[in-house]
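Colleague: Before I use this model at the bench, I would like to go through its pockets and its ligand site with you. Please give me the reason behind each label.

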Amino acid sequence: MNTPLRNDTFIRALRRQPTPHTPIWIMRQAGRYLPEYNATRARAGSFLDLCKSPDYATEVTLQPLDRFALDAAILFSDILTIPDAMGLGLYFAEGEGPRFEHPLRDEQSILALKAPDPYATLRYVTDAVSQIRKALDGRVPLIGFSGSPFTLACYMIEGQGGTEFERVKTMLYSRPDLLHRVLEVNAVAVTAYLNAQIESGAQAVMLFDTWGGALAEAAYREFSLAYLQRIVAGLVRVHDGESVPVIVFTKGGGVWLEHIAAIGCDAVGLDWTVDIGSARARIGDRVALQGNLDPSVLFSPPEVIRREAARVLSSFGGGSGHVFNLGHGISRFTPPEHVAVLVDAVHEFSRAGR
Ligand code: CP3
């Protein structure tokens with residue numbers, strides 16, 4: 001279990017310790033832009049079949065690492081496994097994104113909501129984590145993840161993605177007691193789920209608060225950040241003698257960085273709308289930063305990708321505490337060769353700058 005890491009740059013950067021180069025991984029690095037991912041997905045049957053089979057999940061988790069010199073692996077799964085395990089019936093309508101058969105539409109279903117036991121209904125996730133750790137054999141660290149209570153609630157209440165959050169926001173202002181009830185159950189579920197991933201071998205964890213940025217500041221603090229803080233306080237922070245860093249990413253959260261950095265996390269994820277150098281000036285003495293290249297840069301030719309990667313690196317500046325990433329998930333229309341250009345440029349430029 002305890003194979004020493006051959007490349008620990010990602011973990012060291014999260015602890016703000018010196019590294020020989022800036023580590024890089026990419027949100028959704030195992031995904032539809034990779035032909036080998038699409039081939040495995042076709043063999044598995046569907047995206048959900050991939051997630052629910054530890055063998056397939058392990059196979060696709062490793063695919064981007066075999067192609068690119070990435071410094072971390074991320075568990076192949078989805079944030080919506082938790083509401084699925086709560087009985088909401090997750091499915092993916094082709095080309096339409098995630099949906100639920102039984103969204104939370106009345107008080108009764110909200111009061112009946114219960115946090116699932118991660119080692120029972122989500123066993124396929126903890127099994128995948130241990131299997132991936134074994135397959136990695138110390139090559140790079142493994143990141144576990146979960147959605148934030150608020151982001152999960154958006155999908156659970158709306159029943160699908162791509163809305164303007166009419167239902168969630170109506171509940172937030174007119175029945176805050178009901179939304180708090182959902183968020184409380186979600187926070188308990190996420191804490192247990194992430195701790196189970198850590199106990200199964202995840203060496204860092206990330207919380208995806210994809211929709212927190214859609215809220216007004218007071219609502220963000222009360223309905224999203226407060227629950228993130230509760231989760232961070234409840235996580236196992238040392239496992240197998242190693243500290244387990246926690247990354248918090250609120251998409252659209254650039255205006256609230258000081259508040260996010262104050263909840264006890266080790267690192268803050270940045271989307272591409274903020275300048276990473278300014279973010280560092282604001283919170284870099286407290287946390288590491290992860291990000292934040294605009295994913296659309298990867299549609300451009302190699303020289304543009306190299307220029308924009310250099311821009312992010314030089315904006316961050318010298319010293320430790322930076323994990324390079326995109327500001328959000330990679331697009332399915334990205335040419336894979338462009339990812340190689342980015343990974344190599346980040347390593348080359350940051351080595352030269354040490
Ligand atoms: O980063 C990684 O490589 C790990 C895997 C991962 C996936 N989803 C795989 C995935 C992670 C970390 C996620 C998180 C996730 N899932 C989020 C939060 C991150 C973010 O993007 O802000 C959200 C909001 C979801 C919910 C979800 N799952 C959406 C909106 C979609 C896209 C639907 C579509 O058709 O575009 C998914 C599906 C999904 N999750 C895919 C992958 C690789 C594509 C599924 C496929 O193969 O069809």
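Colleague: What makes up the lining of the second largest pocket, by class?
Modeller: The model is predicted. In that pocket the lining has six nonpolar, six polar and six charged residues. Glu242 is among the residues closest to the pocket's centre, and it counts as charged because Asp, Glu, Lys and Arg form that class. Asn2 and Gln203 are also among the closest, and they count as polar because they fall outside the nonpolar and charged lists.

Colleague: Which elements supply at least two residues of that lining, and how much space lies in the pocket?
Modeller: Helix 1 (9–14) and strand 7 (242–243) each do. About 300 Å³ of space lies in the second largest pocket. Its lining comes to 18 residues, with Leu5 and Arg133 also among the closest to the centre.

Colleague: Why is 242–243 called a strand?
Modeller: A strand needs a DSSP run of E with at least two residues. Strand 7 covers 242–243, so it meets that minimum.

Colleague: What is the volume of the largest pocket, and what lines it?
Modeller: The volume is about 1500 Å³. There are 45 lining residues, and Arg28, Arg32, Phe47, Asp78 and Phe92 lie nearest the centre. By class, 22 are nonpolar, 15 polar and eight charged. Elements that each supply at least two of these residues include helix 2 (35–44), strand 3 (97–100) and helix 8 (149–158).

Colleague: How do you know that the ligand sits in the largest pocket?
Modeller: A molecule sits in a pocket if more than half of its atoms lie within 2 Å of the pocket's grid points. The space taken by the ligand is the largest pocket, so the ligand passes that test.

Colleague: What surrounds the ligand?
Modeller: There are 24 residues around the ligand, and Arg28, Tyr37, Arg41, Asp78 and His328 come nearest. The shell has 14 nonpolar, six polar and four charged residues. Helix 2 and strand 3 each supply at least two residues of the shell.

Colleague: What makes the approach of Asp78 to the ligand a polar contact?
Modeller: A polar side-chain atom of Asp78 lies 2.7 Å from a nitrogen atom of the ligand. The limit for a pair of N or O atoms is 3.5 Å, so the pair counts. The same limit applies to His328, where a polar side-chain atom lies 2.6 Å from an oxygen atom of the ligand, so that pair counts too. Gln29 uses a polar backbone atom, 3.1 Å from an oxygen atom of the ligand. The protein buries 89% of the 880 Å² that the ligand exposes when taken alone.

Colleague: Why is the space lined by Thr250 and Leu257 called a cavity and not a pocket?
Modeller: In a cavity a 1.4 Å probe fits but cannot get out, whereas a pocket is open. The space lined by residues including Thr250, Leu257, Ile260 and Val274 is the largest cavity, so the probe cannot leave it. About 40 Å³ of space lies there, and the count of cavities of 30 Å³ or more comes to one. By class, its lining has five nonpolar, four polar and one charged residues.

Colleague: What about the backbone: which peptide bond is cis?
Modeller: The bond from Gly291 to Asn292 is cis, with omega near -5 degrees. Asn292 is found in strand 10 (residues 288–293).

Colleague: What is the phi of Phe165, and where is that residue?
Modeller: Phi of Phe165 is near 65 degrees, a positive value in a residue other than glycine. Phe165 has its place in the loop between helix 8 and helix 9 (166–174).

Note on methods:
Residues are numbered from 1 along each chain as its sequence is written. This is a predicted model: local features need pLDDT of at least 70, side-chain atom pairs count only at pLDDT 80 or more; totals for chains, interfaces and linings use all residues. Side-chain values use heavy atoms; hydrogens and water are left out. On a 1 Å grid over the protein atoms alone, a cavity is a set of points where a 1.4 Å probe fits but cannot get out, and a pocket is an open set with protein on both sides within 12 Å along at least five of seven lines; lining residues have an atom within 4 Å of a point. Grid points are joined across faces, edges and corners, and a volume is the space filled by probe spheres set on the points. Helices (H or I, at least four residues) and strands (E, at least two) are DSSP runs, numbered from the N terminus. A residue is near a molecule or strand if one of its heavy atoms lies within 4 Å of it. A polar contact is a pair of N or O atoms within 3.5 Å; within protein, one must be able to donate a hydrogen and the other to accept it, and residues adjacent in sequence count only if both atoms are side-chain atoms. Accessible areas come from the Shrake-Rupley method with a 1.4 Å probe; for residues, only the protein chains shown count as cover.
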